[in-house]
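User: I'd like to learn how to read pockets, cores and ring pairs in a model. Could you walk me through it, please?

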Amino acid sequence: MNNLVTRTITGIVFAILVIGAIIWNPFILALLMAIFTFIGSKEYVMLLKNKQIYHKLTPFICSSLIIYIISAFVGLNLLSSSYLFIIPIIAFLYVLISLFNPHARPFEEIGSAIFGFLYVPIPFSMMIWAIDFHPSSGSMNFYTLLGFFIILWMNDTFAYLTGSLIGKHKLFPRISPKKTWEGSIGGAVFGLLFAVGIYFTTNTLTIQSWLIIGLLTVILGSLGDLVESMLKRNANVKDSGAILPGHGGVLDRFDAALFSIPFITAYLYMFIY
């Protein structure tokens, strides 16, 4: 019971923080996501360390933050998209660090570094892209990112509740033994219902667009949850960190968002913005 209370309080405070940043100011949102990128990158390195894959913490975090800043500034329309070409250069330059690593396992180190950059700074920066901010006019559409998080959180909440009440058939027992098909379906249904509700509340996108965003969110969010569970299970840890009482680390709290937001953002820029 105490853990449930702690988890609930932490979840409410976390939601207020994220929603407040989204609504208040895109630069505050960018700063908040930069902090999460910093913490998430550190957690990622610690997960790898448990598998004897060693990355020097400072160079990895600095590279991750540089990648985040470049991508976020492009998303804020403060840099042209041509600056995105710097990102793979940063990644390749980081690979050179493996030459000076006494614990050299080149393939594991290079592969885990590239995946880490794709898994942490890029998705966090994509959240900035999703608001479609234009500093010259001050226009932005924060409803899309806000709606994404609401759908994501409702999917997570109702998947837990439905699975606890009627869950019997395991979804992926090898990776996450507690998740069930009933919970996943229940979370998806309520997530899509909230997507429809957001359409009628905001009237920003078409109902078809909100349903597509809802489908991408619930399906890819659930897969993202499984991917992070796989990483933790492989590293023999329960949580990626301990900064959020009752929830674990930043990667634990953003597992579904980090996997789904790049697809949501791609959809928005290909068909909406």
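User: Which helix gives the most to the lining of the largest pocket?

Analyst: Happy to help, and a word on ground rules comes before the answer. This is a predicted model, where local features need pLDDT of at least 70 and side-chain atom pairs count only at pLDDT 80 or more, while totals for chains, interfaces and linings use all residues. Residues are numbered from 1 along each chain as its sequence is written, and side-chain values use heavy atoms, with hydrogens and water left out.
A pocket is found on a 1 Å grid over the protein atoms alone: it is an open set of points with protein on both sides within 12 Å along at least five of seven lines, whereas a cavity is a set where a 1.4 Å probe fits but cannot get out; lining residues have an atom within 4 Å of a point. Helices (H or I, at least four residues) and strands (E, at least two) are DSSP runs, numbered from the N terminus.
Here α7 is the top contributor to the largest pocket, with 13 residues. At least two lining residues each come from α1 (2-24), α7, β2 (176-180), α8, α9 (207-235), α10 and α11.

User: How much space lies in that largest pocket, and how do its lining residues divide by class?

Analyst: A volume is the space filled by probe spheres set on the grid points, which are joined across faces, edges and corners. For the largest pocket that gives about 1800 Å³. There are 48 lining residues, and R7, D156, Y160, K179 and D225 are the closest to the centre. For classes, Ala, Val, Leu, Ile, Met, Phe, Trp, Tyr, Cys and Pro count as nonpolar, Asp, Glu, Lys and Arg as charged, and the others, Gly among them, as polar. The lining then splits into 18 nonpolar, 17 polar and 13 charged residues.

User: What lines the second largest pocket, by class?

Analyst: The second largest pocket holds about 220 Å³, and its lining has 9 nonpolar, 3 polar and no charged residues. α9 supplies the largest share, 5 residues. Among the lining residues are N155, A188 and V218. A188 sits in helix α8 and, apart from neighbours within four places in sequence, is in contact (heavy atoms within 4.5 Å) with N155 and V218.

User: Is A188 buried or exposed, or something in between?

Analyst: Buried means under 20% relative accessible area, exposed over 50%, and partly exposed in between, using a 1.4 Å probe and protein chains only. A188 has 21%, so it is partly exposed. For contrast, take T37 in helix α2: at 0% relative accessibility, T37 counts as buried. Leaving aside neighbours within four places, the contacts of T37 include S64, Y68 and F124.

User: How many cavities of 30 Å³ or more does the structure hold?

Analyst: It holds 1. The largest cavity has about 40 Å³ of space; its lining is made of Y54, H55, K56, Y94, I97, S98, N101 and E109.

User: How do I read an aromatic pair?

Analyst: A pair of rings is described by the distance of the centres and the angle of the planes. Rings of Phe, Tyr and Trp (its six-membered ring) pair if their centres lie within 6.5 Å; planes under 30 degrees apart count as stacked, over 60 as edge-to-face and the rest as tilted. This rule yields 24 aromatic pairs. F124 and F254 have centres 5.0 Å apart and planes at 75°, so they are edge-to-face. F124 is in helix α6 (residues 121-129) and F254 in the loop between α10 (250-253) and α11 (255-271), so this pair ties together parts 130 residues apart in sequence. Both rings' residues, F124 and F254, are buried.
F158 and F194 give a tilted pair, with 6.3 Å between centres and 35° between planes.

User: Which residues have the most contacts inside the largest nonpolar core?

Analyst: In soluble globular proteins, nonpolar side chains tend to be buried together. A nonpolar core is a set of buried Ala, Val, Leu, Ile, Met, Phe, Trp, Tyr and Cys residues joined through side-chain atoms within 4.5 Å. The largest one here has 67 residues, and M33, F124, M127, L145, F149 and F254 have the most contacts inside it. Helix α2 (residues 26-49) gives this core its largest share, 11 residues. F124, F149 and F254 also belong to one aromatic cluster, together with F14, F36, F148 and W153.
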